[in-house]
Each structure stands twice: as structure tokens, then as C-alpha cells.
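Me: I'm new to reading protein models and keep tripping over the vocabulary. Could you go through this one with me and tell me where the words come from?

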Amino acid sequence: MKPLSMRKSRLPLVALLLIFAATLTAKAQGAKIQLSNLDHLAARASQTVDVNIDERLVQIAAKVLSSEDSDEAKIKKIVNGLKGIYVKSFEFENTGEFTQADVESVRTQLRGPAWSKLVNVTSKKDGSVEVYLMMVGDQISGLAVLSVEDKELTVVNIVGPVDLEKLSRLEGQFGVPELGIEAPKPKTKN
Amino acid sequence: MNEDYLWDKSGKPDPQVHELEEILGALRYQPRPLEIPKELVVVRRRFYVPILAIAATVALALLAAGLWLRVQSRKTPTSLVVETRPTVAPSGIGKHVPTPVVVKDELLDQRTKEVSVPINHRNYSSRNVFAANMRRVKSPRETGLKPGERQEALVAKEQLMMALRLASEKLNLAQRRTQLSSPPNLIRNQHKVG
């Protein structure tokens, strides 16, 4: 048995570790943004996607993802360690169904010091896409994507360490053809 | 003859009886401790034989049950039914695409009625049904989930895949737009200037 003085000397170290772990957890939880203030748009939207997957659901969903299937194995790797995935996407029949205030309610949360804007593409014709990251050290602890178009508003919020490269490669998988907008063909000179 | 003597030894004994008493007195009960002869070997009865018999019976019953279950599981078909559910791609893309495949496990259905994975986020139209890859859903034994949890897990998995696909799509959209908005070819322009 170790002497009492030795055990006592380790107490501050343990306490520090606990505080560090709690801080990391709090940071990871802090990556979750409030999307409930967009709920009222569901009544006006023609199509709504509302996904709320917390850590427990991520874990049990990961259990049914096959490691043998290559696509599912990739997803399993991506979701490993995630604390939650939250998506709200609204598509409307007409323009002007959502206001700037609705967009700002999300954007203001992403203006905090924890978030850094990675991409911001604004176009009068196609709307805007903003990608935000929350970093803890060198690791991503949260991702938020805000896409605003005339007839569509989409917010994606992933809480936890996410591999952006792997995530961006997912499009075109699951037996689904690639969804991306084709780049305009270069004009050929006559 | 005084018969009371014969009953309770009261009164005067009959001389003949008294004589008989004296003769047979040598054979009277004498209290003394039991002495087991040394040559007599005490053999203990073996009790483990019936216990062994019971254990063997239980083991045989378990073996038989295991074999029966194995045979039954081989007999049961493990084919999977694949359903395809079409969905509408987000606006700006204008294509109709199928969602990830929803697979029903017949084994699970037998145990927990029909498993339905609702995807109520998109409109469906019959003309947009596509063939899709079959995916094998892990059995409850593999996942260690209870039937109720398994159903929840399947729904969560569908939602998870949809959410990840949407996130991936938006990230790629941002990337493409970034590339489109950047100057086309600086080196060529420099060459022209030079």
C-alpha cells in the first residue's frame, strides 16, 4: 500500500486532469447550436429535414453500421467519437418565406470566439454558404454549415471531432449518384 | 402362587420362579458401550455416482438443445428484402435521387413484427424508384441491441446517413463555389502581361 503522503501529492494532478476533461467535454457540448428557433418555418416549408441525433443515438446507430460494407465502414469511421448531429433544412415553394432574422438567429451563435469561419461564399443568384469550425487545439470539435438560398435554408451542425476530408468524400456514396452542381463547361473558341 | 410377583415383583416369589430367575439372570441385559470388532471394515457409500449421473444428463440435454437450435437456425431463411425509397434532392440540384437503402431483416420481422424506417422528410414519387445496392443489416446478436433499441438504431442510422450526406453535399457546394469564385488562371494572365 502506498503511503498517504504520496496519494495526497497526486490529488492535485487528478483534479487537474478532471478539470481538463470537463473543459474538453464542455467545449464539445458548446459546439451544439440552438436550432429550435427555426422550428416555426416547418409550417411554411414544402419540404423539411429535421435530424436530431445525440451522442447516444450516434453510438447505437454506429452499432448497426456494418464494418464489412465499405460505405458503411467509412461512415462508421466518421461518426466515431461524434457527440451529435443536428440538421434543419427547409425548402419553400416561394421566396421570402424566411426572414433575415431567422438566419441571424443562427449566425449570431456562430459569431462567438469559439467558432471560426472557414468558408463564406455569397452570391446574389445562388445565395450563400458559410462553413464554421470550432477548434480545440489542433482538433476540430464542431462544424456548422449555414446555407441560405432564395427558397431554401439549411443548417448542419456536427458536434465532436469530424474529419472534413472524409465527410466531403461521402457525397456520391451510399449507392447515390453525386449530387453536386456541375461546374460550367469552359467556352470553346470557334 | 402369588401372581403379583410376576407383574411387579411384589409379594413373595414362587421358588420355581425364583430359581428360573437365577438361571436366566446371567442372560439379563447388561448396559455396556458398543464395541465394533477390529476385523470389521467400514465401507462408505459413494454419493458422487448419482451426482455424476445428474451432471451427465444435464450436459446431454444442453448438447441436444444446442444442436437443435443450430439446425433450426440453418433451416430458417436469412434472405433480406430490399426496399428502395426515392427522394428529392435539395433544391439547386434539381435531380431526383434514391435515398440510402432501407433493409428489412426477415428474422427480425418474425420476432418484432414489421420494422419500418420512416423517412418523412422528403416527397416521394413512384417514377423515381431506382435499384440500389443491398446492404446487410447486422443481426441483434451481432450488435448486442434489444429489438426496441435495434429499431431505434436503424432509424438513427438512416437519419445519420441522410444528415452526413447533406453535410457532405453542402461542404462540397461551398468548395465548388469557392473554386468558381477564385480567379481562373493567374499564371496565364501573368504570361499575357509579360
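Me: How many helices and strands does chain B have?
Reply: Chain B has seven helices and four strands. Along the sequence they come in the pattern α-α-α-β-β-β-β-α-α-α-α. Keep in mind that this is a predicted model.

Me: And what does chain A look like by comparison, in which order do its elements come?
Reply: Chain A comes to five helices and six strands. Its pattern reads α-β-α-α-β-α-β-β-β-β-α.

Me: Why is Ser66(A) called partly exposed?
Reply: Count the neighbours. Ser66(A) has 17 other C-beta atoms within 10 Å. Buried would take 20 or more, and exposed would take 12 or fewer. The value 17 falls in between, so Ser66(A) is partly exposed.

Me: Where does Ser66(A) sit?
Reply: It's in the loop between H2 and helix H3 (70-79) of chain A. From Ser66(A) to Lys76(A) is 10 residues in sequence, and their C-alpha atoms are 7.9 Å apart in space.

Me: How much of each chain counts as buried by that kind of count?
Reply: In chain A, 32% of the 190 residues count as buried. For chain B, with 194 residues, the share is 20%.

Me: What makes S2(A) a mostly covered strand?
Reply: Eight of its eight residues are buried. A residue needs 20 or more other C-beta atoms within 10 Å to be called that, so each of the eight residues of S2(A) reaches that cut-off. Both faces join in: Gly84(A), Tyr86(A), Lys88(A) and Phe90(A) point one way, Ile85(A), Val87(A), Ser89(A) and Glu91(A) point the other way, and all are buried.

Me: How do you know that S1(A) and S2(A) pair?
Reply: Pairing takes at least two bridges. S1(A) and strand S2 (residues 84-91) of chain A share eight, in the antiparallel sense, so they pass the test. You can look for Ile53(A) opposite Ile85(A), and for Asp50(A) opposite Lys88(A).

Me: What joins S2(A) to S6(A)?
Reply: Eight bridges, with the two strands running antiparallel. One spot to check is Ser89(A), whose bridge partner in S6(A) is Thr154(A).

Me: What makes S3(A) and S4(A) a pair, and what links them along the chain?
Reply: Eight bridges join S3(A) to S4(A), and at least two are needed, so they count as paired. Val119(A) stands opposite Val131(A) in S4(A). A hairpin of three residues makes the link.

Me: In what order do the strands line up in the sheet?
Reply: Six strands form an open sheet in chain A, in the order S1-S2-S6-S5-S4-S3, with antiparallel pairing.

Me: Why are S1(A) and S3(A) called edge strands?
Reply: Strand S1 (47-54) and strand S3 (115-123) of chain A each pair on one side only. As for how neighbouring strands are turned against each other, the average is 10 degrees, direction ignored.

Me: Which helices lie against these strands?
Reply: Helix H2 (residues 55-64) of chain A lies across S1 and S2, at about 90 degrees to S1(A). Helix H4 (residues 100-110) of chain A packs on the sheet too, touching S3, S4, S5 and S6 of chain A. The direction of H4(A) makes about 160 degrees with that of S5(A).

Me: What share of the contacts in each chain links residues 24 or more positions apart?
Reply: Taking contacts with a separation of 6 or more, the share is 61% in chain A and 57% in chain B.

Key. Residues are numbered from 1 along each chain as its sequence is written. Chains are lettered from A and ligands numbered from 1 in the order in which they are written. This is a predicted model: local features need pLDDT of at least 70, side-chain atom pairs count only at pLDDT 80 or more; totals for chains, interfaces and linings use all residues. Axes are lines fitted to C-alpha atoms, for helices over the stretch in contact, and angles run from 0 to 180 degrees between N-to-C directions. Two residues are in contact if their C-beta atoms, placed from the backbone, lie within 7 Å.
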